[in-house]
Amino acid sequence: WGGDWMASKSSLLIGIGSRVRKSPYFDSTIKYGVTGFTVYNKMYLPTGFTNPEKEYNSLIRDVTFGDFAAERQVEVSGPDAFNFIKYINPRNLSKFNIGDCKYIILTDSDGGIVNDACLIRLEEDKFWVSPGDGDALLWLQGIAMNSGMNVSICEPDVSPLQVSGPKAGKLIQKLFNGRHDDLGYYKAAQTSLENIPMVIARTGWSGELSYELYLQDRKLGNNLFELVYEAAKEFNGAVIAPNNIRTIEGGLLSYGSDFGREHNPYTIGLDRLVDIDQDIDFIGKKALKKIKETGAASKLIGVEMDGAPIDKVPENFWPVFDKNGNKVGRLSRCFYSPRLKKNIGLAIVDSSSTEEGNKVIVESPQIKYNAIVAKLPWFPAEKDTNLL
């Protein structure tokens with residue numbers, strides 16, 4: 001997500017107006033002490049409530065929940081919906097059933113990444129594509145217009161509230177009286193909570209056990225937030241924002257920050273989401289086949305950096321240099337990891353500089369950090385990510 005929390009003593013403010021949308025949980029975030037917002041998918045996204053380390057500790061020890069409504073959905077429906085979904089991404093979806101969720105990459109004709117997304121199959125001919133920050137809705141509508149396929153593309157009234165942490169399962173069990181105890185990893189189901197309609201899914205951007213409650217009536221957002229807040233008290237629940245420390249530890253990437261249109265799936269280590277041997281055609285197939293044969297020019301790496309603890313993500317990319325002083329890439333996010341007791345970060349560098357243990361220099365506006373290339377992730381996500 002790429003944002004950072006705004007300190008309470010900062011004099012900086014963000015203007016609130018009709019041009020940027022409030023989420024259905026906006027009043028609740030104000031009530032429970034939000035300290036700052038960023039703009040994500042043309043919506044206000046909370047960036048903090050206390051401080052990153054305190055929220056991180058709640059996330060890895062207890063249970064957390066928060067406003068992830070800026071994770072907008074693009075609904076694809078109609079007789080040709082499944083064929084359209086298979087056309088817009090390079091992953092093999094031949095085994096993709098109703099109630100399944102998959103992580104996908106949207107690619108352009110050059111193999112560049114337009115966005116990454118969580119994909120949910122709700123019905124035979126109805127899907128939700130949940131992309132990162134960007135204009136994926138317009139991209140997909142444009143493709144549909146010229147595809148010759150009978151599909152409808154729209155943004156539905158759907159707003160996720162994310163529940164994460166080792167006690168997330170206990171909270172969900174309490175909220176739903178055990179109805180979704182058997183919900184598998186990256187699975188989804190239609191449900192409701194005290195007549196509030198939603199889809200529940202074992203998905204989430206946290207690195208910990210996560211569920212997302214995809215609210216389907218924005219007027220009931222604050223009602224849902226209060227229900228979760230009260231139920232979470234028993235488990236030492238905390239309201240938090242997307243947490244940079246845990247997502248960096250887990251190698252969970254943010255579109256527009258950690259990677260972008262200039263990169264391809266091979267650059268960021270998502271080769272498993274590309275099947276160029278499929279019989280079907282998809283956008284970028286020819287280009288991705290060539291990249292696979294020749295190799296990606298740059299690769300995503302983790303870095304471990306010396307120096308005093310870093311307590312704020314970079315506002316701009318920091319250049320990365322090899323030991324000879326040649327610029328080989330850029331670092332997108334970094335933070336001090338309390339568990340590792342060191343600064344860690346995510347960078348994309350030339351393929352020749354990606355060997356684990358390789359020494360590099362990361363240059364911030366104030367200081368140069370000696371760093372080494374590290375294997376990703378430092379702490380894996382809840383399950384084997386190959387299941388996503």
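**Salt bridges and strand pairing in the predicted model**

R261 has a relative accessible area of 41% and is therefore classed as partly exposed, lying between the limits of 20% for buried and 50% for exposed residues. The structure examined here is a predicted model, and the values reported below are computed from it. The side chain of R261 meets that of D108 in a salt bridge, with an N to O distance of 2.6 Å. This pair connects distant parts of the chain, since R261 belongs to the loop between α7 (244-249) and α8 (285-294), whereas D108 belongs to the loop between β5 and β6 (113-123), 153 residues apart. In contrast to R261, which is partly exposed, D108 has a relative accessibility of 8% and counts as buried because this value falls under 20%.

Over the whole structure, 18 salt bridges are found. Another of these joins D100 and K187, whose closest N and O atoms are 2.5 Å apart. Because D100 is located in the loop between α3 (81-88) and β5 (101-107), and K187 in the loop between α5 and β10, this salt bridge ties together parts of the chain that are 87 residues apart in sequence. D100 is buried, with a relative accessible area of 8%, while K187, at 34% relative accessibility, is partly exposed.

A further salt bridge is formed by the side chains of D62 and K167, at 2.7 Å from N to O. Here too the pair links distant parts of the chain, with D62 in the loop between α2 (52-61) and β3 and K167 in the loop between β9 and α5 (168-175), 105 residues apart. D62 has a relative accessibility of 13% and so counts as buried, whereas K167, with a relative accessible area of 24%, is partly exposed. In addition to these pairs, E208, R246, E249 and R339 are linked in a network of salt bridges.

The strands β3 and β9, which adjoin the loops of D62 and K167, both take part in an open sheet of six strands with mixed pairing, arranged in the order β10-β11-β12-β9-β3-β13. At its edges stand β10 (188-193) and β13 (238-239), each of which has a single partner strand, so that one side of each is left without a neighbour in the sheet. Within the sheet, β3 (residues 64-67) and β9 (residues 159-164) run antiparallel and are joined by four bridges; D67 has L161 of β9 as its bridge partner. Helix α6 (residues 221-232) packs on this sheet, where it touches β3, β9, β10, β11 (196-201), β12 (210-215) and β13, and its direction makes about 170 degrees with that of β3.

Strand pairing was also examined around β14 (residues 298-305), a mostly covered strand in which seven of the eight residues are buried. In general, strands of a sheet pair through backbone hydrogen bonds, in either a parallel or an antiparallel manner. In the case of β14, the pairing with β17 (residues 342-350) is antiparallel and extends over eight bridges, with K299 standing opposite V349 of β17. β14 also runs antiparallel to β19 (residues 368-374), to which it is joined by four bridges, and in β19 the bridge partner of E304 is I372.

Conventions. Residues numbered from 1 in each chain as written. Predicted model: local features only at pLDDT ≥ 70, side-chain atom pairs only at ≥ 80, totals over all residues. Heavy atoms only, no water. Pairing = 2+ DSSP bridges. Helix = DSSP H or I, 4+ residues; strand = E, 2+ residues; numbered from the N terminus. Contact = heavy atoms within 4.5 Å. Axes fitted to C-alpha atoms, helices over the stretch in contact; angles between N-to-C directions. Buried < 20%, exposed > 50% of the residue type's maximum accessible area, 1.4 Å probe, protein only. Salt bridge = Lys/Arg side-chain N within 4 Å of Asp/Glu carboxyl O.
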